[in-house]
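Here is a briefing on how two chains meet. Have the sequence and the model open as you read.

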Protein chains: 2
Amino acid sequence: MNNDILKRIPKHIGIIPDGNRRWAVGHNMDKKDGYFYGIDPGFKLYETMLEYGVKEATFYGFTQDNTKRPSNQKAAFIEACVSAVNNLANRDANLLIVGNSKSDVFPKELLKYANKRVKFGKGLMNINFLVNYDWKWDLNNGINNIASSDISRIDLIIRWGGRRRLSGFLPVQSVYSDIYVIDEYWPDFKKDHFKEALRWYQTTDVTLGG
Amino acid sequence: MNNDILKRIPKHIGIIPDGNRRWAVGHNMDKKDGYFYGIDPGFKLYETMLEYGVKEATFYGFTQDNTKRPSNQKAAFIEACVSAVNNLANRDANLLIVGNSKSDVFPKELLKYANKRVKFGKGLMNINFLVNYDWKWDLNNGINNIASSDISRIDLIIRWGGRRRLSGFLPVQSVYSDIYVIDEYWPDFKKDHFKEALRWYQTTDVTLGG
């Protein structure tokens with residue numbers, strides 16, 4: 001256990017894995033090629049969260065806003081999301097995919113996991129994955145009938161890639177979340193980033209707006 | 001003009017003036033007495049924003065969550081909000097107060113300004129003030145009928161007092177906002193804080209989630 005000095009472990013962490021394209025450009029690759037290098041970091045983080053006893057995590061896959069990007073980028077981030085889910089199917093997690101699955105953009109390979117939780121292996125933690133998500137779609141039917149109602153309140157959001165914003169990430173579950181930004185790009189994920197975020201989280205209080 | 005090196009001026013800035021109670025404790029006062037010292041900084045910031053050409057600003061007054069605080073604190077922050085509005089009535093701004101005015105907690109003195117924009121003086125900028133605001137109340141009727149529909153999308157949110165979170169501040173208008181946190185408490189507002197936030201804002205891009 002590495003959490004001896006960390007008394008407060010967030011139950012639910014939101015992950016905004018930004019910076020894949022900037023990372024690719026910095027490595028003399030096409031922008032689209034960055035997404036592939038964002039898959040493995042997700043599993044390293046998953047293993048780290050299991051180790052620290054995090055019960056639930058929500059990963060920002062892609063949004064309807066993102067699908068306005070050039071088509072080769074769109075194909076690449078969709079492929080990366082499908083690969084990530086297929087890989088997760090061999091691990092121990094309860095997967096819930098939330099997003100607009102009625103759109104043509106939603107990957108067919110993931111339809112079987114859409115908007116219902118599926119147990120993989122021992123189901124050691126809940127993993128939510130936003131796929132073709134859109135905040136307007138989520139809130140369309142009012143606060144009591146949000147499309148993401150099976151995703152719980154988020155305690156801590158960690159964003160990679162330096163941007164200090166939510167970019168439409170689950171507005172309802174994020175109203176009281178503490179937000180920690182890692183300047184490095186997501187493909188450069190290190191376990192230390194997570195530990196740094198958790199150390200910072202120890203210094204915050206939880207008031208839920210009170 | 002001080003904005004010669006600042007090419008991008010956010011049109012709409014959200015202000016979360018946090019840290020009044022911690023400031024009071026640090027000055028050997030009762031927590032409730034901090035709110036009074038948060039009034040003047042608001043006007044200094046208003047004048048700074050006018051100088052820089054900001055067109056709209058939304059101040060987080062108090063929320064329904066806040067009204068669960070001890071009654072002497074509640075009375076003090078309500079009194080500070082009323083004083084701020086009465087003072088603003090002598091300036092040049094278009095005021096819109098947004099909040100649940102049907103509740104007993106909503107200050108009677110402000111009912112005449114509730115949920116409709118009022119022009120003061122030359123009306124040089126739009127000032128929105130959240131009074132007895134609640135994000136659930138705001139979103140209750142769905143995304144197309146939010147209670148805060150007269151408040152536009154926010155480009156930049158500046159929060160004083162070190163907390164890195166939104167605390168229920170206008171979830172819809174904040175989905176794409178850049179968020180800048182000043183560690184100092186709100187009563188210690190300095191014009192330099194604003195300039196620091198604006199300098200940082202120059203380094204961000206605007207993608208609106210794309």
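**The A–B interface**

Six salt bridges cross the interface of chain B and chain A (a side-chain nitrogen of Lys or Arg within 4 Å of a carboxyl oxygen of Asp or Glu). One of them joins Asp205(B) to Arg165(A), with the closest N and O atoms 2.7 Å apart. The model is predicted: local features need pLDDT of at least 70, side-chain atom pairs count only at pLDDT 80 or more, and totals for chains, interfaces and linings use all residues. Residues are numbered from 1 along each chain as its sequence is written, chains are lettered from A in the order in which they are written, and side-chain values use heavy atoms, with hydrogens and water left out.

**Make-up of the contact**

- On the side of chain B that touches chain A, helix H4 (135-139) and strand E7 (178-182) of chain B each give two or more residues (helices, H or I, of at least four residues and strands, E, of at least two are DSSP runs numbered from the N terminus).
- Chain B and chain A each bring 34 residues to the contact (heavy atoms within 4.5 Å).
- About 2800 Å² is buried between chain B and chain A, 50% of it on carbon and sulfur atoms (accessible area, 1.4 Å probe, lost on being put together, summed over both).

**Symmetry**

- A turn of 180 degrees and a shift of 0.0 Å along the axis lay chain B on chain A with an RMSD of 0.0 Å (least squares on C-alpha atoms of residues with pLDDT of at least 70 in both).
- The two copies are therefore related as by a two-fold rotation axis.
- Gly142(B) has the C-alpha nearest the axis in chain B, 1.8 Å from it.
- The copies meet through the same surface, because 100% of the interface residues of chain B are also interface residues in chain A.

Definitions and conventions:
Buried area is the accessible area (1.4 Å probe) that two parts lose on being put together, summed over both.
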